[in-house]
Amino acid sequence: MSHYALETGHAGVHAMGGLVLERIARFVDGLAERPADNVVSTSATASLVQSFLAPPPESGRDLMTLLGCLDDAVDCAVETAGPGFLTAVPGGGLYSSALGEFYARATNRYGSLAVAAPALAALEESVVQWMAREVCGLPEGSGGLLTSGGSMANFTAVVAARQDGLGDDIGDGTIYTTRYTHHSVAKAARLAGIKLGNVRMVPCDEDLKMDPAAAAAMIHADRVAGLRPFLIVGSAGTTDTGTVDPLNALADLAEREQMWFHVDGAYGGFFRLTDRGRQTLAGLERADSVTLDPHKTLFLPFGTGALVVRDPATLRAAHSGSGSYLQDVSSYDGLPDYADMGLELSHEVRGLRIWLPLHLHGVAAFREALDEKLDLARQVHEHLTALPALEVPLRPDLSTVVFRVRPHDTTEAAAEAADQATRRLLDGVNASRRVLLHSTMLDGRLTIRVCVVSYRTHKDHIDKLLELIASEARRLGPASRTDG
Ligand SMILES: Cc1ncc(COP(=O)(O)O)c(C=O)c1O
């Protein structure tokens with residue numbers, strides 16, 4: 001016998017919701033003290049994981065017991081919500097967004113066809129319009145849709161660009177990216193039927209930005225070879241280093257070549273809310289499409305991306321479809337049907353999880369938080385640059401700083417020793433379990449990334465991080481020597 005019926009009345013909503021809320025309140029209170037990485041490889045972890053692989057029971061269990069199990073599962077995790085999570089591109093996850101999401105889930109409205117819930121469709125469209133017009137600076141008439149994340153947004157953009165540029169004959173289409181373009185673009189190309197061999201990697205300059213002249217030369221060579229260049233992808237903040245490609249020059253090139261210009265702003269797009277970001281991202285407003293990832297730089301919980309486009313008709317041309325089971329459904333004047341603009345028919349109402357935080361906190365709160373991240377990255381850059389044991393190869397465009405141990409001389413052996421020392425430094429910093437950093441490869445060298453994105457990361461956390469790095473660098477001492 002189940003303790004809880006499928007149908008839940010007023011008292012049940014309160015009783016069950018109250019138990020969950022109390023645990024979330026405790027979780028949020030304890031966040032600052034939680035270890036940055038709590039996935040410890042022990043037999044207890046293995047049996048916890050095993051326990052969650054069990055199938056559901058025939059009779060229901062007690063909610064308190066289940067929540068206790070969930071607490072264990074949540075504890076056994078990388079602390080992606082905490083201030084020390086400085087890897088990947090972390091957002092933190094706003095509680096107000098989770099609340100909007102809870103509301104949306106509990107009321108379960110249908111978000112694919114505007115006629116099914118027109119005011120909620122309008123709410124979602126207001127968020128899309130804000131992103132297209134205010135955040136990205138696209139002109140009146142632009143639009144887009146909310147997606148599950150940046151990968152889905154990039155995929156939707158590639159499909160729209162392919163349809164617009166190539167029609168049905170896609171075999172000879174070519175795309176221009178760099179080695180630092182997020183891999184979801186190449187994946188999107190493959191899923192969209194573009195041969196991987198036709199995804200060009202344009203060389204970068206010494207700041208790791210796409211070289212527009214090299215792109216122009218490749219496009220020319222491809223045209224001469226009978227291929228059909230149709231898409232240039234610029235990054236507004238690469239995942240590796242937060243580097244912004246020369247967006248204006250790429251927009252010029254795309255215009256000259258009559259190609260689609262997509263900007264992957266999954267990481268950096270929202271920095272356009274700040275004055276500094278607007279300058280760094282100049283040219284983004286000239287894109288045909290822009291990927292944004294609210295679950296990164298708008299601090300939302302995982303699961304929300306966005307694609308905004310200059311001309312929403314291009315999305316419809318690539319994605320609209322129908323079936324006779326939809327024959328009784330009409331459209332709602334003045335509102336888009338998101339089912340016609342992307343892959344999903346059952347498109348969940350994603351707007352509420354963005355609309356509620358934006359209206360509750362106001363846009364200024366987000367602008368200030370993003371400005372703070374730019375300040376913190378500048379602090380990290382200045383501090384690390386002053387440490388003689390380290391080299392900091394790039395000035396940050398946004399909120400990611402990369403560094404590594406300086407090799408003792410220019411030999412291969414010194415570079416290898418420095419890489420090993422960088423690995424030890426990374427392991428040493430992460431062993432503190434106060435912060436979590438990850439590495440990448442730049443110029444064939446192991447390089448550590450500090451990616452400051454979470455709204456919960458403030459100056460005191462960054463001060464502690466810098467102390468940790470400095471003390472690990474001191475501890476390494478001569479370890480970066482080739483003879484060390
Ligand atoms: C620049 C960039 N593009 C795309 C993505 C993919 O986004 P998602 O993980 O939301 O699918 C990421 C993720 O880190 C990214 O940094």
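In this predicted model, the chain is built from 16 helices and 11 strands. Its radius of gyration is 24 Å, close to the 23 Å that the globule rule gives for 484 residues, so the chain is as compact as a globular protein of that length. For a sense of scale, the C-alpha trace spans about 75 × 65 × 40 Å along its principal axes.

A good place to begin exploring is the ligand. The shell around the ligand holds 15 residues, and those that come nearest are Gly149, Gly150, Ser151, His182 and Ala266. Sorted by class, this shell contains 9 polar, 4 nonpolar and 2 charged residues. Helix α6, which covers residues 150-166, supplies the largest share of the shell, with 3 residues.

Helix α6 also has a helical partner to look at. Its axis and that of helix α7 (residues 183-191) come within 9 Å and cross at roughly 45°. An angle counts as roughly parallel only when it is under 35 degrees and as roughly perpendicular from 65 to 115, and α6 and α7 are therefore oblique to each other. Their crossing is right-handed. On the α6 side, the contact is made by Gly150, Ser151, Asn154, Phe155 and Val158, while α7 brings Ser184, Val185, Ala188, Ala189 and Leu191. The residues of this contact divide into 6 nonpolar and 4 polar, with no charged ones.

Two residues link these two parts of the picture: Gly150 and Ser151 are among the residues that come nearest to the ligand, and both also take part in the contact of α6 with α7.

Methods: Residues are numbered from 1 along each chain as its sequence is written. This is a predicted model: local features need pLDDT of at least 70, side-chain atom pairs count only at pLDDT 80 or more; totals for chains, interfaces and linings use all residues. A residue is near a molecule or strand if its C-beta atom, placed from the backbone, lies within 6 Å of it. Helices (H or I, at least four residues) and strands (E, at least two) are DSSP runs, numbered from the N terminus. Ala, Val, Leu, Ile, Met, Phe, Trp, Tyr, Cys and Pro count as nonpolar, Asp, Glu, Lys and Arg as charged, and the others, Gly among them, as polar. Axes are lines fitted to C-alpha atoms, for helices over the stretch in contact, and angles run from 0 to 180 degrees between N-to-C directions. Angles under 35 degrees count as roughly parallel, over 145 as roughly antiparallel, 65 to 115 as roughly perpendicular and the rest as oblique. A crossing is left-handed if the near helix is turned anticlockwise from the far one by less than a right angle, and right-handed if clockwise. Two residues are in contact if their C-beta atoms, placed from the backbone, lie within 7 Å. The radius of gyration is taken over C-alpha atoms; the globule rule is 2.2 Å times the number of residues to the power 0.38.
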